[in-house]
Amino acid sequence: MERKSLWVWLIVFFALVPLFSGSDYHLQLATQLLIFVILFIGVDIAVGHAGLVSVAHGALFGVGAYATAILTVDHGLNFWLSIPVGIALAAIFGLLIGILTLKLAGHYFVIATMAFALLIHTAAKNLPITHGELGITNISKPGVLGLFSGNQALSFYFLMAIATLVVVVVYFWLMRSAFGRRLRAIRDNPLLADALGIDISTAKLLAFVASASIAAFAGSFHAVFLTYINPAVTGYELGFTALMALIIGGRTTLGGIIVGAFIFAILPEMLRDAEQYRLVIMGAILIVVVQRAPAGIYGKLVDWAGLIRKRRP
Amino acid sequence: MSEVLLKVDGLSKSFGGLRAVSEVSFSVREGDIYGVIGPNGAGKSTLFNAIAGVIRPSAGQVYYRGSDVSTLNAFKKCRLGIGRTFQSSQSFSHHTVQENLQAAAYGPASSAMSWFRSQLTRDETRQVESVLEMTGLTELRDRYPADLNNLELKKLSIGMALVNQPKLLLLDEPSGGLIESEVGLLKAFLQGLNRNGVTLVLIDHKMSLVMSICNEITVIAAGKYVASGKPESLLNNSLVREVYLGHN
Amino acid sequence: MHDFAQILANGLMAGAVYGLVAVSLALVFGVLEIPQFAFGAHAMIAAYALAYLTANEFSYVTALVLSMLVGMGLGAIVQYLVFEPLRDKPHATLFIAAFGLLLILQGLALLVFGPNPMVVEPPIAGAVEIMGARVTYQRLIIIAGVFVAVVGLNLFLTKTRLGSAIRAAGQNPFGALVVGVSPRKIAMLTMAVGSGLAALAGGLLAPISQVYPTMGDFLVLKAFIIVVMAGMGSINGALIAGLFVGITESFGSAYFSPHMRDAYSIIFLIAVLIFKPSGVFGKAGRVG
């Protein structure tokens, strides 16, 4: 977990992004980045801190997105009210999935979570309430954006930045608390954790629920950001992406999460024109990082920075 | 007559067709240093893990202070006051000695709200300090487990169990990995703990340690009860001799 | 009755392919503990090899055998370059490496062959009527091919020295050493055999599904679900579970809802997870 000074740097950086960006397009990229940062923070609680490699949380992001889309478009509910509904729904799903899968060992656990993600995806494609394959369009952006004059892309960016800040604060608080400590103890030595009085099952379920809630929170914003969603938003691919982003970028650190979000959410967008090369490049990055920088790129960067500092007289 | 703290009654454990422990019974009184010994493969570890809550007994009961705790998980037993150590001294390798002890303090949840606290209570902090002193690790509080020698690691792992102030401490092969001089120091440490009010139950195959430190011992072999009593009486017991014939 | 037979036949064929990929996965998963998510891509590469060969005057059977060899070679190389350096790393890491491999293979296929599917003509065109079902010869070839492959695998694992070494390694990481073969070689061999089986699946499927870079994706996903359903290390169980999934998907689509096709296998998986998490055929030893 990082020092608090990092926060200041990050807040300053993200506050200044609008100054550096030339266009709405860049602002939108940055906004999308922040949405994924929130999602990955959520997944990190289960994957990074608790060591539960779950692919299901991508689908729970989709649950949040659909909750907001359905409630605002079909039922005229206010965006802000749809958020707790999405969170509650995802939390319940997260709890159920956790109860069914947490007793499974290692690789079977991952596959089981993937199966549940597929189930949610299939439901999204077929249930009338989700509008099936067509998805939901005309999702309107939150009214509060109107308060900021002029540029909608700018307003949304700031909205996202504030939302992200809130999540980051919650994440740091939770993970520094007894809850976070128990998760990491379970991750590092479950037998010892058990002997020290840690209720492993409950802790893991709570981690699942916390991850699900934050993922859904991100999903709600995603729906209004894109103003259109379809079942792809519940696809297991996003769950995989989140997992990879954390392992490649770095787990349990905000820096790692941001690096991961950049590589997996933004880089493909930037490489959009060279589809075939994109696949090979991404694949190669995955394999090389996993072989050479097992703690993630951010960790490697910190190491290199440390080495450089040592060399200075 | 002091209270019976732990009562093991007809405990059995089978794995598939294999009967690892068969109807073992003994009682531990408060203040005892109780030993369970037997040759290799006697089923001591299985018995131990069944008492500690890592595995569930196939038959029989475990009573702690009169209540049936046979099917409780290890973490629940910890909260009731039963601590345990592992044969290979376990600790969190990326935490310092002090952080390890603090991690142990954060373990049991006293309430729902306690999940969200970010600091130890003053009592817990004091307890961590006291354990550091008790184990003689105060100077080493900022070192990592990798820097410690075997005896220090052993004391750390015992210390972690002590943080939550157990009334009963189960020690799994405490002499494991220690050389003779270290065993002597361990013995003094354990006796000190016992004088401070911790009841100890240890399984070990090092006869010299068990015989010199325990006031009461049960001998098992091939999963079955052989004999129990004071160390001196067991030395003269022909059954016990037979079981150890050829073993040292 | 006529409909029933048709649905059954379709289900059997799909199930056979699923089963073959599941078997290849179960082998590698059980012995090496590697979640080889890229096996679908291995199948795809072999299918491309087959397509290329048949387009250049090779007979289907020859091309099939050669593409299996390509698959085996690919497996050995992949084990050496990608997975061997990651020995003893946690499963998530292996999963990601496999996924990276998948992306690379798909990207390469896209680069070399382009996105448009390549067509492969079935060696024997036409169909035959069996109990009222119209079954194309290719489908019969698939079922026969899978059957032969799995029987062959069983013989290999039980009757040959190398096969026994693989089985020993599956029981215990030191098992291979006990039999006198180095673990690295066993790993390469196991991956090669698994990859060869996946390659066969690709080659058998090619005349039916056409060959394109993402053809293996849905296969490997189903295969994973099947392997978990069948249970750790159960190779023949994986085939049976695969057939089961194929048949139930076929009947489910016909009698309930075609849209929920993908969900049937998941529902069964969830049921297995609830009632027998170790898998339908799961047992304590790892490979058997």
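This note walks through the predicted model chain by chain and contact by contact.

1. A word on conventions. This is a predicted model, in which local features need pLDDT of at least 70 and side-chain atom pairs count only at pLDDT 80 or more, while totals for chains, interfaces and linings use all residues. Residues are numbered from 1 along each chain as its sequence is written, and chains are lettered from A and ligands numbered from 1 in the order in which they are written.

2. Let us begin with how the chains meet. Two pairs of chains touch, and the pair with the most contacts is A and C. Here two residues are in contact if their C-beta atoms, placed from the backbone, lie within 7 Å. Chains B and C do not touch, and their nearest C-alpha atoms are 10 Å apart.

3. Chain A is a good place to start on the folds. Chain A has 13 helices and zero strands; helices (H or I, at least four residues) and strands (E, at least two) are DSSP runs, numbered from the N terminus. Along its principal axes, the C-alpha trace of chain A spans about 55 × 50 × 40 Å. The radius of gyration of chain A is 19 Å, which agrees with the value near 20 Å for a compact globule of 313 residues. That radius is taken over C-alpha atoms, and the globule rule is 2.2 Å times the number of residues to the power 0.38.

4. Now for the inside of chain A. Of its 313 residues, 53% count as buried. A residue is buried if 20 or more other C-beta atoms lie within 10 Å of its own, exposed if 12 or fewer, and partly exposed in between, with C-beta atoms placed from the backbone. Among contacts in chain A with a separation of 6 or more, 77% are between residues 24 or more positions apart.

5. One residue of chain A is worth a visit. A:Thr252 sits in the loop between α10 and α11 (254–270) of chain A. A:Thr252 has 22 other C-beta atoms within 10 Å and is therefore buried. The C-alpha atoms of A:Thr252 and A:Gly48 are separated by 5.2 Å, although the two residues are 204 residues apart along the chain.

6. Turning to the A–C interface, 32 residues of chain A are in contact with 34 residues of chain C. On the side of chain A that touches chain C, at least two residues each come from α4 (79–101), α5 (106–126), α10 (236–249) and α12 (275–292) of chain A. The largest share of that side, 12 residues, comes from α5(A). By class, the side of chain A that touches chain C has 22 nonpolar, eight polar and two charged residues. Ala, Val, Leu, Ile, Met, Phe, Trp, Tyr, Cys and Pro count as nonpolar, Asp, Glu, Lys and Arg as charged, and the others, Gly among them, as polar.

7. Within chain C, one helix pair stands ready for inspection. The axes of α2 (residues 39–55) and α8 (residues 183–209) of chain C come within 7 Å and cross at roughly 55 degrees. Axes are lines fitted to C-alpha atoms, for helices over the stretch in contact, and angles run from 0 to 180 degrees between N-to-C directions. That crossing makes α2(C) oblique to α8(C); angles under 35 degrees count as roughly parallel, over 145 as roughly antiparallel, 65 to 115 as roughly perpendicular and the rest as oblique. The crossing is right-handed, meaning that the near helix is turned clockwise from the far one by less than a right angle (anticlockwise would be left-handed). Among the residues that meet are C:Phe39, C:His42 and C:Leu50 in α2(C) and C:Gly194, C:Ser195 and C:Leu205 in α8(C). This contact of α2(C) with α8(C) has 12 nonpolar, five polar and no charged residues.

8. Chain B brings strands into the picture, with nine helices and 10 strands. Its C-alpha trace spans about 55 × 40 × 40 Å along the principal axes. For 248 residues a compact globule would have a radius of gyration near 18 Å, and chain B agrees at 18 Å. Buried residues make up 43% of chain B.

9. Also in chain B, helix α3 (residues 97–106) and helix α5 (residues 150–163) have axes that come within 8 Å and cross at roughly 35 degrees. This crossing of α3(B) and α5(B) is right-handed. The residues of the contact divide into seven nonpolar, two polar and no charged.

10. Last comes the B–A interface, where 20 residues of chain B are in contact with 18 residues of chain A. The largest share of the side of chain B that touches chain A, four residues, comes from α2(B). That side of chain B has 12 nonpolar, five polar and three charged residues.
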